[in-house]
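Thanks for passing this one along. Here are my notes, set out point by point so you can follow them with the model open beside you.

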Amino acid sequence: MYDVPREKVRIVCLEAAPKVLPQFDAKLVDYGVGVLEDRGVEFLVGKPVKEATADGVRYAASETEEKEIKAGTIIWAAGVRGNSVIEASGFEAGRGRVKVNHNLTVPGNEEILIIGDCSLIINPANERPYPTTAQIAMQQADVAAINLAKMVKGDTDLVDFEYHEKGTVCSIGDNDAIGVVFGKNIKGYPASFMKKVIDDRALLLIGGTGVMMSKGKFKFYK
Ligand SMILES: Cc1cc2nc3c(=O)[nH]c(=O)nc-3n(C[C@H](O)[C@H](O)[C@H](O)COP(=O)(O)OP(=O)(O)OC[C@H]3O[C@@H](n4cnc5c(N)ncnc54)[C@H](O)[C@@H]3O)c2cc1C
């Protein structure tokens with residue numbers, strides 16, 4: 001693909017945690033990892049990256065031993081942070097994210113609302129922050145709009161944000177994916193179909209038909 005001889009490409013995925021994609025059911029993870037391994041991707045799981053250098057990556061192979069993988073291309077996909085503008089603006093934040101009140105206002109600065117990747121809300125079910133996703137950002141936007149209108153009118157009875165998880169789909173190629181939609185585990189082509197529908201719907205909601213048509217994914221056939 002892309003005129004690069006397959007035999008010249010080695011892809012290694014280093015994951016620090018004991019398993020990849022821990023938010024998914026083990027069977028879905030096994031399926032996703034299997035698909036990628038069949039395509040030649042190597043997984044090194046439970047191996048934290050220690051250092052990215054100019055010509056490779058050093059990782060902890062065990063508690064006492066470090067190893068190196070030579071690499072010409074390193075893709076860092078291990079963590080999301082909010083915008084540095086947040087910290088530069090003087091908000092109390094961790095990795096550019098502000099722990100907001102239930103109504104999305106900022107503690108100590110209740111005239112300010114923060115949503116999306118720059119906000120942090122704890123999931124009461126597991127006491128961990130909700131992940132930074134478009135799904136949560138879009139739901140926050142609706143509540144923020146209501147609360148902003150209330151604030152402009154001097155109404156202090158603001159609405160609390162409540163997250164409604166509609167599912168998560170993880171793409172593993174053009175025609176493959178794993179996911180949970182409306183509580184059901186899905187994988188393979190049906191999951192990839194759903195992923196495209198979800199992405200197109202998000203674009204429609206954000207930008208209308210024009211944005212969906214120009215940026216959407218419409219290759220639904222295999
Ligand atoms: C590769 C990738 C894949 C993802 N896939 C998914 C997915 O499948 N599903 C999902 O739900 N979420 C996904 N996400 C997460 C999702 O994109 C974000 O959670 C969501 O976009 C957050 O919305 P936001 O409005 O907070 O920030 P953004 O959508 O990032 O919008 C912030 C905007 O602010 C602009 N901006 C930044 N700095 C400044 C500045 N100083 N001045 C003016 N403008 C500025 C940026 O250019 C950007 O347009 C993905 C993210 C990445 C990076």
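1. Let me begin with the interior of this predicted model. The largest nonpolar core holds 13 residues. Those with the most contacts inside that core are Ile86, Val98, Leu104, Leu113, Ile114, Ile115 and Ala144. A second core, separate from this one, has 9 residues, including Leu28, Val169, Ile172 and Ile178.

2. Now for the overall frame. The protein has 4 helices and 14 strands, and its C-alpha atoms fill a box of roughly 65 × 45 × 35 Å along the principal axes. Of its 222 residues, 17% count as buried. If you look at contacts between residues at least 6 apart in sequence, 37% of them join residues at least 24 apart.

3. The domain assignment splits the protein into domain 1 (6-70), domain 2 (84-152) and domain 3 (167-215). How far apart are the C-alpha centres of domain 1 and domain 3? They lie 25 Å apart. Contact between these two domains involves 9 residues of domain 1 and 8 residues of domain 3. On the domain 1 side, the touching residues divide into 6 nonpolar, 2 polar and 1 charged.

4. Isoleucine 114 deserves a look. Its place is in the loop between strand S8 (109-113) and strand S9 (119-120). Is isoleucine 114 buried or exposed? It counts as buried because it has 23 C-beta neighbours inside 10 Å, where the cut-off for burial is 20 or more. Beyond four places in sequence, isoleucine 114 is in contact with Val98, Val100, Leu104, Val106 and Ser119. Alanine 141 is 27 residues away from isoleucine 114 in sequence, and the two C-alpha atoms are 9.4 Å apart.

5. Leucine 113 is another of the core residues named above. Which residues does leucine 113 contact, once neighbours within four places in sequence are set aside? They are Leu104, Thr105, Ala144, Asn147 and Leu148. Leu104 therefore appears in the contact lists of both leucine 113 and isoleucine 114, as judged by C-beta atoms within 7 Å.

6. Leucine 104 is worth checking for its backbone as well. Most residues other than glycine have a negative phi. Leucine 104, although not a glycine, has a positive phi of about 75°. This residue lies in the loop between strand S6 (98-99) and strand S7 (105-106). Leucine 104 is buried, because 23 other C-beta atoms lie within 10 Å.

7. Glutamate 127 raises a similar backbone point. It is not a glycine, yet it takes a positive phi of about 60°. You will find glutamate 127 in the loop between strand S10 (122-123) and strand S11 (128-129). Is this residue buried or exposed? Glutamate 127 is exposed, because it has 7 other C-beta atoms within 10 Å.

8. Two hairpins are good places to pause. S7 and S8 run antiparallel and are joined by 2 bridges, with valine 106 partnered by asparagine 109 in S8. There are 2 residues between these strands, and glycine 108 in this hairpin takes a positive phi near 85°. Strand S4 (residues 56-60) and strand S5 (residues 66-70) also pair in the antiparallel sense, over 5 bridges. Tyrosine 59 stands opposite lysine 67 in S5, and 5 residues lie between S4 and S5 in their hairpin.

9. Next, the ligand. Which residues are around it? They are Asn83, Val85, Gly116, Asp117, Thr132, Thr133, Ala134, Gln135 and Ala137. Helix H3 (residues 134-152) gives the most to this shell, with 3 residues. By class, the shell has 3 nonpolar, 5 polar and 1 charged residues.

10. Last, a word on glutamate 87, found in helix H2 (residues 84-88). With 18 C-beta neighbours inside 10 Å, glutamate 87 counts as partly exposed. Outside four places in sequence, its contacts are Ala93 and Gly96. Glycine 208 is 121 residues from glutamate 87 in sequence, and their C-alpha atoms are 33 Å apart in space.

Notes. Residues numbered from 1 in each chain as written. Predicted model: local features only at pLDDT ≥ 70, side-chain atom pairs only at ≥ 80, totals over all residues. Near = placed C-beta within 6 Å. Nonpolar A, V, L, I, M, F, W, Y, C, P; charged D, E, K, R; others polar. Core = buried A, V, L, I, M, F, W, Y, C linked by C-beta atoms within 7 Å. Buried ≥ 20, exposed ≤ 12 C-beta atoms within 10 Å, placed from the backbone. Domains from an automatic or database assignment. Pairing = 2+ DSSP bridges.
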